[in-house]
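Please work through the following exercises with the sequence and the 3D structure at hand, and try each task before reading its solution.

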Amino acid sequence: MASQLSRIMRPDDANVAGNVHGGTILKMIEEAGAIISTRHCNSQNGERCVAALARVERTDFLSPMCIGEVAHVSAEITYTSKHSVEVQVNVMSENILTGTKKLTNKATLWYVPLSLKNVDKVLEVPPVVYSQQEQEEEGRKRYEAQKLERMETKWRNGDIVQPVLNPEPNTVSYSQSSLIHLVGPSDCTLHGFVHGGVTMKLMDEVAGIVAARHCKTNIVTASVDAINFHDKIRKGCVITISGRMTFTSNKSMEIEVLVDADPVVDNSQKRYRAASAFFTYVSLSQEGKSLPVPQLVPETEDEKKRFEEGKGRYLQMKAKRQGRPEPQP
């Protein structure tokens, strides 16, 4: 089963340099994934449901997309467990003046089907038919790996980004940023809960502000580490999206983004962590060439610890790209 979406990129989809926001692309990726997974989960007779985004695996932004180009987003279901669906998404950009096409993104998303009658009820997923036994075995390995990582991420995501008065340049406090958003009907699914793509777009926006404040140049999203959706966000909630820089290499910046939801119309529920992720940005010159990044100056013990953890993630991905064994801690 496969589906495709296409849309031309408009000025309000891009930054001042004309590069399409990473969050805009992430939102389209999620829309394509939600359509195909919801369609599949309702392919058999039974209780009707809507597929909710649970996790996005790491995705790299392979090539920039510009205003006037057409984004072609194709989605395919590659694995199903009893209660979840894995969707692989590819994004191609097309210059409709020259006909040139290029691959800009590849992403893997995980969805769970939630009943339309009871949003807390997770339904069973109709199985897919694999052309080869190896496909199912590889899919099961990916499923178990992401399930374990989601549990570990939720366990360690308890802290909150706190503001600091008169911070020094190049410190974590200097560039950290927050955005507050009231969840309205246009942000939500049929259930009245926020679309995963809306949340990802806001997360990318905050991460971009942090990166721009730190290096004061044009910046673009280079990659997004796994985005974990820990809990649903209901219509009417006030969400706070906070970003802080955790690590810098010579030419890249890692930014941690946390999403906290405050159910202001429901006194019975306290503020909670809804999503978290790491975004990587690069700094570009006016000609689109990569620039050196000012080095982050961690001050507190927690900041130094997060810097070392970010350095470990950076070295792992660098080794993977170069085909070398990953460095051991």
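The exercises below deal with single residues, aromatic rings and a record annotation.

This is a predicted model, in which local features need pLDDT of at least 70, side-chain atom pairs count only at pLDDT 80 or more, and totals for chains, interfaces and linings use all residues. Residues are numbered from 1 along each chain as its sequence is written, and side-chain values use heavy atoms, with hydrogens and water left out.

**Exercise 1.** Determine whether threonine 171 is buried or exposed, and find the polar atoms that its side chain reaches.

Solution. Begin with the location: threonine 171 is found in the loop between helix H2 (133-156) and helix H3 (172-175), where helices are DSSP runs (H or I) of at least four residues and strands (E) of at least two, numbered from the N terminus. Its relative accessible area is 2%, so threonine 171 is buried (buried means under 20%, exposed over 50% and partly exposed in between, with a 1.4 Å probe and protein chains only). Next, look at the polar atoms: a polar atom of the threonine 171 side chain lies 2.6 Å from the backbone oxygen of glutamate 168, and the side chain also reaches the backbone nitrogen of tyrosine 174 at 3.3 Å. Finally, leaving aside neighbours within four places in sequence, threonine 171 is in contact with Leu296, Val297 and Glu299, contact meaning heavy atoms within 4.5 Å.

**Exercise 2.** Classify the ring pair of phenylalanine 247 and tyrosine 314, and place both residues along the chain.

Solution. Rings of Phe, Tyr and Trp (its six-membered ring) pair if their centres lie within 6.5 Å, and planes under 30 degrees apart count as stacked, over 60 as edge-to-face and the rest as tilted. By this rule there are six aromatic pairs. In the pair of phenylalanine 247 and tyrosine 314, the ring centres are 5.5 Å apart and the planes stand at 40°, so the pair is tilted. The pair links distant parts of the chain, since phenylalanine 247 belongs to strand E10 (residues 238-248) and tyrosine 314 to helix H5 (residues 301-321), 67 residues apart. As for accessibility, phenylalanine 247 counts as buried at 5%, whereas tyrosine 314 counts as partly exposed at 26%.

**Exercise 3.** Find which charged residue lies over the face of phenylalanine 278.

Solution. A charge sits over a ring if NZ of Lys or CZ of Arg is within 6 Å of the ring centre and within 35 degrees of the ring normal. Arginine 313 lies over the face of phenylalanine 278, at 3.9 Å from the ring centre.

Conventions:
Polar contact = N/O pair within 3.5 Å; in protein donor to acceptor, adjacent residues only side chain to side chain.
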